[in-house]
Amino acid sequence: MLQVGINGYGTIGKRVADAVARQPDMVVEGVAKTRPNFEAEAAVTAGYDLYAALEERADQFTAAGIETAGMVEELVAESDIVVDATPSGIGAQNKSLYAEHDTPALFQGGESDDLVDVSFNARSNFEAAADADFVRVVSCNTTGLSRLIAPLRDEYGIDRVRTTLVRRGGDPAQSGRGPINDILPEPKTLPSHHGPDVNTIFPDLAIDTLALKVPATLMHMHSINVTLEHETDAGAVRELLADESRLWLIAADLDVDGAGDIKEFALDMGRPRGDVWENAIWAESISVEGRELYLFQAIHQESDVVPENVDAIRAVLETEDAETSMARTNSALGLE
Ligand code: NAD
């Protein structure tokens, strides 16, 4: 069993921990937190060994009546690999801790590409992470774009991708974030950072991205135009994308109007936390004019990177190939 430590137990960390716990070949060695809040209580209730991330705050756990298994250094030493899911920039500070213990680490999309040996998306470059010390699982938006680009590129070749990202202002629990009643071009300059980030996965891809932020917490929405190298038709593209396990083509007769319906459907289907691990692509939106492809996809920012983290663990530790790992992850999560 692969022993996986999780450092940072917030939006991404807790989801990765639960996903790892469901894998037949992995065990959660423990999770590290900075303070004894509701998520610490939930981690203990879930049965995870809880480690204190900061020496100076370790006493707070005891004072709150929460038992810890030790300090994060012990967790790193005991783990075969660590998933760092701390806020952007903190991962970079933690890198020396992982290096000291010779424990490979996965960072998240908020960290810079310079920090790591390779940026990762399971469908696009699984093998590149083999035996790496430091890997970055790319952001939610880059994951969503890469999953879509990979099969299109394999099948038709791509001349250029043009994408407008309508970004949620914050996650549901991020009450301090905005905008509250506004629509922000963000950044105002073009391209947004998303295109260059996709280039960490596909270095030679021509991609232009621009982004706006809106007062929503549910999901991001991408409006996509891909100029393919070869002509095709909408039916063929639908068939191609429907074959991809992490692309969900929303059938027209489901009558899904927007992100609210998608999240409601996920809850109705019993998905943990209402998570949507796949890109949600409106099948009706897939339109082709010659070589020009257009579509809308919604991306659940809190969860699409979760199966990617699970696959990155196997990719780094070289225990499975891409196809086997993705199938195993999907099946353990119920993503089929
Ligand atoms: P979060 O704030 O929800 O969770 C981070 C957790 O780490 C918190 O519990 C925080 O208390 C804890 N923490 C802070 N400092 C720490 C330290 N020194 N050691 C251990 N734990 C510490 O953040 P998040 O949304 O889960 O984001 C984590 C990473 O994932 C970021 O790089 C982010 O860019 C990336 N990411 C976030 C989303 C998203 O939509 N939330 C999507 C994809 C990728």
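## Strands around β9

Eight bridges connect β9 with strand β11 (residues 207-214), and these two strands run parallel. One pair can be named here: Thr164 has Leu210 in β11 as its bridge partner. The structure is a predicted model.

Strand β9 is also joined to β12 (residues 220-228), again by eight bridges, but here the strands run antiparallel. In this pairing, Thr163 is matched with Ile224 of β12.

## The open parallel sheet

An open sheet is built from eight strands with parallel pairing. Read across the sheet, the order is β4-β3-β2-β1-β5-β6-β8-β7. Its edges are formed by β4 (70-71) and β7 (118-120), each of which pairs on one side only.

Within this sheet, β5 (residues 81-84) and β6 (residues 105-107) run parallel and are joined by two bridges. Val83 has Leu106 in β6 as its bridge partner.

Helix α11, covering residues 306-317, lies across several strands: β1 (2-7), β2 (26-33), β5, β6, β7 and β8 (134-137). The helix runs at about 150° to β5.

## The ligand and its surroundings

Which residues come nearest to the ligand? They are Thr11, Ile12, Arg168, Asp171 and Gln301, out of 20 residues around the ligand. By residue type, the shell consists of seven nonpolar, 10 polar and three charged residues.

Some distances to ligand oxygen atoms can be given, for both backbone and side-chain atoms. For Ile12, a backbone N or O atom lies 2.9 Å from an oxygen atom of the ligand. For Arg168, an N or O atom in the side chain is 2.9 Å from a ligand oxygen atom. For Lys33, a polar side-chain atom lies 3.3 Å from an oxygen atom of the ligand. On its own, the ligand has 830 Å² of accessible area, and the protein covers 82% of this.

Two of these residues can also be placed in strands. Arg168 belongs to β9, which spans residues 158-168, and Lys33 belongs to β2, which spans residues 26-33.

## Backbone features in loops

Most residues other than glycine have a negative phi, and most peptide bonds are trans. Three places in the loops depart from this pattern, as described below.

Where are the cis peptide bonds placed? One leads from Gly178 to Pro179, with omega near 5°. Pro179 sits in the loop that links β9 and β10 (184-185). Another cis bond leads from Leu190 to Pro191, with omega near -5°. Pro191 is part of the loop between β10 and α8 (194-198).

The remaining case concerns phi. Asp102 is not a glycine, yet its phi is positive, at about 55°. This residue is found in the loop between α5 (90-100) and β6.

How values were computed: Residues are numbered from 1 along each chain as its sequence is written. This is a predicted model: local features need pLDDT of at least 70, side-chain atom pairs count only at pLDDT 80 or more; totals for chains, interfaces and linings use all residues. Side-chain values use heavy atoms; hydrogens and water are left out. A residue is near a molecule or strand if one of its heavy atoms lies within 4 Å of it. A polar contact is a pair of N or O atoms within 3.5 Å; within protein, one must be able to donate a hydrogen and the other to accept it, and residues adjacent in sequence count only if both atoms are side-chain atoms. Accessible areas come from the Shrake-Rupley method with a 1.4 Å probe; for residues, only the protein chains shown count as cover. Ala, Val, Leu, Ile, Met, Phe, Trp, Tyr, Cys and Pro count as nonpolar, Asp, Glu, Lys and Arg as charged, and the others, Gly among them, as polar. Two strands pair if DSSP finds at least two bridges between them. Helices (H or I, at least four residues) and strands (E, at least two) are DSSP runs, numbered from the N terminus. Contact means heavy atoms within 4.5 Å. Axes are lines fitted to C-alpha atoms, for helices over the stretch in contact, and angles run from 0 to 180 degrees between N-to-C directions.
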